[in-house]
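Please open the structure in a viewer, with the backbone shown as a cartoon. The tour below proceeds by selection, and each stop describes what is to be found there.

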Amino acid sequence: MTTEPLISPSPKHPGSARVAPASEGPHPFLDKEGHKIQALFDEIAPRYDVLNRLFSCFIDLWWRKKAVKSLRAKTGSCILDACCGTGDLSNALLDQVPGAVVIGSDFSLPMLLSGKHHRRDSKKLALVHADTLQLPFPDHTFDGVMVGFGIRNVVDLDAALGELRRVLKPGGRLMILEFTPVRQRWLRPFFNFYQGKILPSLGNLLSRSKMRAYSYLDESVRDWPTAERLADKIRATPFHAVNWRTLLPGNVAVHEAIRA
Ligand SMILES: C[S@@+](CC[C@H](N)C(=O)[O-])C[C@H]1O[C@@H](n2cnc3c(N)ncnc32)[C@H](O)[C@@H]1O
């Protein structure tokens, strides 16, 4: 196994994304066309991890640690980390189950490569350059599939869930860690201010993002279904034993399910 990307199937997103004008109105990448999302993550890749830690006050590490437990991975389990980015979720899993084998896939090569310096164990983590909508794996390959803060960016949620199900073994476990609308009314003004004002202005500045990646982050989270709605979609894929819980401070949810 290697930490260099194994397969480069040239994800089918020709053309380059145009820079979004900093005007009022919905962010132009909210349509989530693959080539735009890919370009956006290519752009912020060098500073992605640092800004994650900064803006979450390091809570993101704890979210991932809690979330990977849902997969109940064991020594020898083969786990897919789809939309793996720099590999933080893969690392969290390998920290807990050093004997597992993780394959991380992502369509942004700069994201895959910029996580290289903090990978835990190159023998247990392989990287694949691939679109989550067209995973280059046979049916029933994995014991577990996880996605951390990635599925919100995929243009077709139902198709992505179907593809994740396809590569899971029957009885295999799915885990999705994703932002979720805050349920507590009294917390909403704080999140609206932080996520809607502080995060976009500071994030766009510090990441030097011409595509206004952190404005997209805010708007894509607002546009994202409630945890109940996401659970319904997972159930409809179909998966069974679908459960979810929120993690503190309430803006993140972990969904888990078993492949029917
Ligand atoms: C917010 S980052 C999350 C990275 C990582 N999972 C984490 O926990 O930090 C989202 C990642 O999803 C990837 N992504 C979005 N849509 C994708 C798709 N259709 N296929 C593959 N990767 C995708 C992006 O390139 C990016 O690296």
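**Strands E4 and E5**

Select residues 142-148, strand E4, together with residues 168-179, strand E5: the two strands pair in the parallel sense over 6 bridges. Please keep in mind throughout that this is a predicted model. Within this pairing, pick Gly148 and then Leu177, its bridge partner in E5. Gly148 also deserves a label for a later stop, as it is among the residues that come nearest to the ligand.

**The whole sheet**

Next, colour all the strands. They form an open sheet of 7 strands in the order E3-E2-E1-E4-E5-E7-E6, and the pairing is mixed. Strand E3 (125-129) and strand E6 (239-247) stand at the edges; each has a single partner strand, so one side of each is left without a neighbour in the sheet. When the view is turned along the sheet, the twist to look for averages 15 degrees from one strand to the next. As general background, strands of a sheet pair through backbone hydrogen bonds, either parallel or antiparallel.

**From E4 to the edge at E3**

Return to E4 and select E1 beside it; E1 and E4 pair in the parallel sense over 4 bridges. Which residue of E4 is the bridge partner of Ile79? It is Gly144. Ile79 has a bridge partner in E2 as well, namely Val102. E1 and E2 pair in the parallel sense over 5 bridges. E1 is mostly covered, with 4 of its 5 residues buried.

Continue to E3, which pairs with E2 in the parallel sense over 5 bridges. Here Ile103 has Ala126 of E3 as its bridge partner. Is this edge strand mostly covered or mostly open? E3 is mostly covered, since 4 of its 5 residues are buried, a residue being counted as buried if 20 or more other C-beta atoms lie within 10 Å of its own.

**Helices across the sheet**

Now add helix H4 (88-96). H4 lies across strand E1 (78-82), strand E2 (101-106), E3 and E4, and runs at about 175 degrees to E2. Together, E1, H4 and E2 make a right-handed β-α-β unit. Then select residues 227-236, helix H9, which lies across E6 and strand E7 (252-259) and runs at about 160 degrees to E6.

**Around the ligand**

Select the ligand and its surroundings. Of the 20 residues around the ligand, Cys83, Gly85, Ser108, Gly148 and Gly150 come nearest. Two elements give two or more residues to this shell, helix H1 (34-44) and the H4 helix already visited. The largest share, 3 residues, comes from H1. Coloured by class, the residues of the shell divide into 10 nonpolar, 7 polar and 3 charged.

**Lys210 and Leu40**

Move to Lys210, in the loop between helix H7 (188-207) and helix H8 (213-222). Is Lys210 buried or exposed? Lys210 is exposed, because it has 12 other C-beta atoms within 10 Å. Add Leu40 to the selection: although 170 residues separate the two along the chain, their C-alpha atoms are 8.9 Å apart.

**The chain as a whole**

Finally, zoom out. The chain contains 9 helices and 7 strands, and 45% of its 260 residues count as buried. Among contacts between residues at least 6 apart in sequence, 67% join residues at least 24 apart.

Definitions and conventions
Residues numbered from 1 in each chain as written. Predicted model: local features only at pLDDT ≥ 70, side-chain atom pairs only at ≥ 80, totals over all residues. Near = placed C-beta within 6 Å. Nonpolar A, V, L, I, M, F, W, Y, C, P; charged D, E, K, R; others polar. Pairing = 2+ DSSP bridges. Axes fitted to C-alpha atoms, helices over the stretch in contact; angles between N-to-C directions. Contact = placed C-beta atoms within 7 Å. Right-handed = clockwise from strand over helix to strand, strands pointing away.
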